[in-house]
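Hi,

Here is the structure I said I'd send over. Have a look at it first, and then read on for what turned up.

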Amino acid sequence: MEISEQARELHDKAVIYDGHNDSFIEHWARKEPMEIVGEWPEYHVDLPRLRAGGTTAFNCMVGCGDLFQAIELWDPIFQHVHNYPDDFLLVLEPEDIERAKAEDKIGLVPQVECCRFMNRSLRILRVLYELGLRVAILTHGEEDPDGLRSPDISGRFCTPADRERARRDYLGLTEFGKAAVQEMNRLGIVVDLAHTKDAAYYEAIELSKTPVVFSHGNCFTLSHHWRNLTDDQLKLLRDKGGVIGISCPRSFIAEDEENRTFDRFIDHIQYAIELIGDDHVGYGSDFDGTTKPVPPDPTYQPQITQKLLDRGFSEETILKFWGGNFLRVFREVREAAE
Ligand SMILES: [Zn+2]
């Protein structure tokens with residue numbers, strides 16, 4: 001695909017902040033070196049492709065299963081920052097992302113993908129904050145009577161009526177879930193509602209004193225997948241100042257295989273911006289966390305810029321999409337911290 005001079009310049013100017021990346025846990029799962037420098041063609045992400053795509057920073061998933069795993073996944077963040085200081089830096093504050101852009105580095109933002117492994121202990125949450133935790137997904141959707149409860153939702157696709165039922169009848173946040181949201185607000189950790197089931201979504205977004213993000217997921221209207229947000233959920237996200245990260249998993253893009261196209265991925269960005277405005281839509285690839293993503297890796301990011309320009313979006317809107325919106329929420333959350 002031809003990239004115009006305008007698209008190239010705009011892309012080079014943009015702070016590109018990816019709301020969700022699973023590369024380290026994927027290396028961990030395959031028992032391979034937990035390193036993304038060099039070429040790793042069997043994965044979606046490596047340093048050359050991050051550079052080609054212009055990535056400035058990404059939320060780096062460092063915990064989903066248990067505490068041991070989380071600590072093991074944290075190590076490669078520190079290793080990359082120590083061993084490759086010209087390429088990576090640790091992001092603790094929004095200014096670090098701006099610094100990454102200015103110094104041509106890639107910022108790593110520690111993000112956990114559930115809080116269950118904290119074993120209902122706010123002490124663990126606070127220690128992880130000291131390690132650099134800045135974005136926390138409340139739940140990975142697991143059924144857990146002691147954690148952030150949700151009944152098992154087996155089907156991947158569902159009807160609008162199923163979503164209504166989920167909102168009305170399902171269990172929401174547990175006592176620990178509520179306490180965790182409040183402690184995250186106090187510490188200045190971004191509350192991330194990706195994977196959170198409907199009842200808990202509505203509870204958490206009301207409870208949080210700061211805007212929340214939905215780091216990776218798409219529009220339910222365009223693909224009736226449980227992991228996508230309904231129009232009602234998107235509007236509430238907007239009302240609370242939050243941001244959704246439009247994501248690359250095939251099933252989030254369309255129900256039918258033939259519709260899982262790059263253009264359909266762009267449709268989700270367009271739909272969300274038209275529904276809730278350009279202050280509330282960002283990017284959360286889920287690279288190395290899904291099979292055969294669309295688009296397939298970060299090198300396609302300049303093409304996203306081109307396609308958004310082709311659809312008539314302004315440069316300002318595109319800059320907000322790439323990083324401005326996630327950065328705004330990050331700033332608001334840090335400013336509100338006690
Ligand atoms: Zn996920």
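Let's start just past the end of a helix: α10 is followed by G241, and the phi of that glycine is positive, near 80°. Keep in mind throughout that this is a predicted model.

Now step back into α10 itself, which covers residues 231–239. Which of its residues are buried? Those are Q233, L234 and L237. They take up an arc of only 100° around the axis, so they sit on the same side of α10. That fits a general point: an α-helix has 3.6 residues a turn, so residues three or four places apart point the same way. The cover over the buried residues of α10 includes two helices, α9 (198–207) and α12 (262–276), along with the strands β7 (213–214) and β8 (243–246).

Helix α6 (residues 122–131) can be read in a similar way. Its buried residues include L125, L128 and Y129. Looking down the axis of α6, the buried residues fall within an arc of 110°, so they line one face of the helix. What do they pack against? The partners are β4 (106–112) and α8 (175–187). Turn to the other side of α6 and you'll find R123 and E130, which are exposed. Right after α6 comes G132, with a positive phi near 120°.

Next, the core. The largest nonpolar core has 91 residues, and the ones that touch the most other members are V62, V112, A136, L193, A204, I244 and A272. Which helix gives this core its largest share? That is α14 (residues 315–336), with eight residues. If you want one core residue to click on, try A136: not counting its neighbours within four places in sequence, A136 is in contact with Q111, V112, C115, M184, I189, V191 and D192.

There is also a helix pair to look at. Two packed helices are described by the angle between their axes and the distance between the axes. For α1 (residues 5–13) and α13 (residues 301–310), the angle is about 120° and the axes are 9 Å apart. That makes α1 oblique to α13, and the crossing of the two is right-handed. On the α1 side the contact is made by Q6, A7, R8, L10 and H11; on the α13 side it is made by P302, T305, Q306 and L309.

Last, a few backbone oddities. Most residues other than glycine have a negative phi, and most peptide bonds are trans. Where does the model depart from that?

- V294 and P295 are joined by a cis peptide bond, with omega about -5°. P295 is in the loop between β9 (281–283) and α13.
- K292 is not a glycine, yet its phi is positive, about 45°. K292 also belongs to the loop between β9 and α13. It has 10 C-beta neighbours inside 10 Å, so K292 counts as exposed.
- D104 is not a glycine either, and its phi is positive at about 60°. You'll find D104 in the loop between α5 (94–102) and β4. D104 has 10 C-beta neighbours inside 10 Å and therefore counts as exposed.

Cheers

Note on methods. Residues are numbered from 1 along each chain as its sequence is written. This is a predicted model: local features need pLDDT of at least 70, side-chain atom pairs count only at pLDDT 80 or more; totals for chains, interfaces and linings use all residues. A nonpolar core is a set of buried Ala, Val, Leu, Ile, Met, Phe, Trp, Tyr and Cys residues joined through C-beta atoms within 7 Å. A residue is buried if 20 or more other C-beta atoms lie within 10 Å of its own, exposed if 12 or fewer, and partly exposed in between; C-beta atoms are placed from the backbone. Helices (H or I, at least four residues) and strands (E, at least two) are DSSP runs, numbered from the N terminus. Two residues are in contact if their C-beta atoms, placed from the backbone, lie within 7 Å. The arc is that of the directions from the helix axis to the C-beta atoms. Axes are lines fitted to C-alpha atoms, for helices over the stretch in contact, and angles run from 0 to 180 degrees between N-to-C directions. Angles under 35 degrees count as roughly parallel, over 145 as roughly antiparallel, 65 to 115 as roughly perpendicular and the rest as oblique. A crossing is left-handed if the near helix is turned anticlockwise from the far one by less than a right angle, and right-handed if clockwise.
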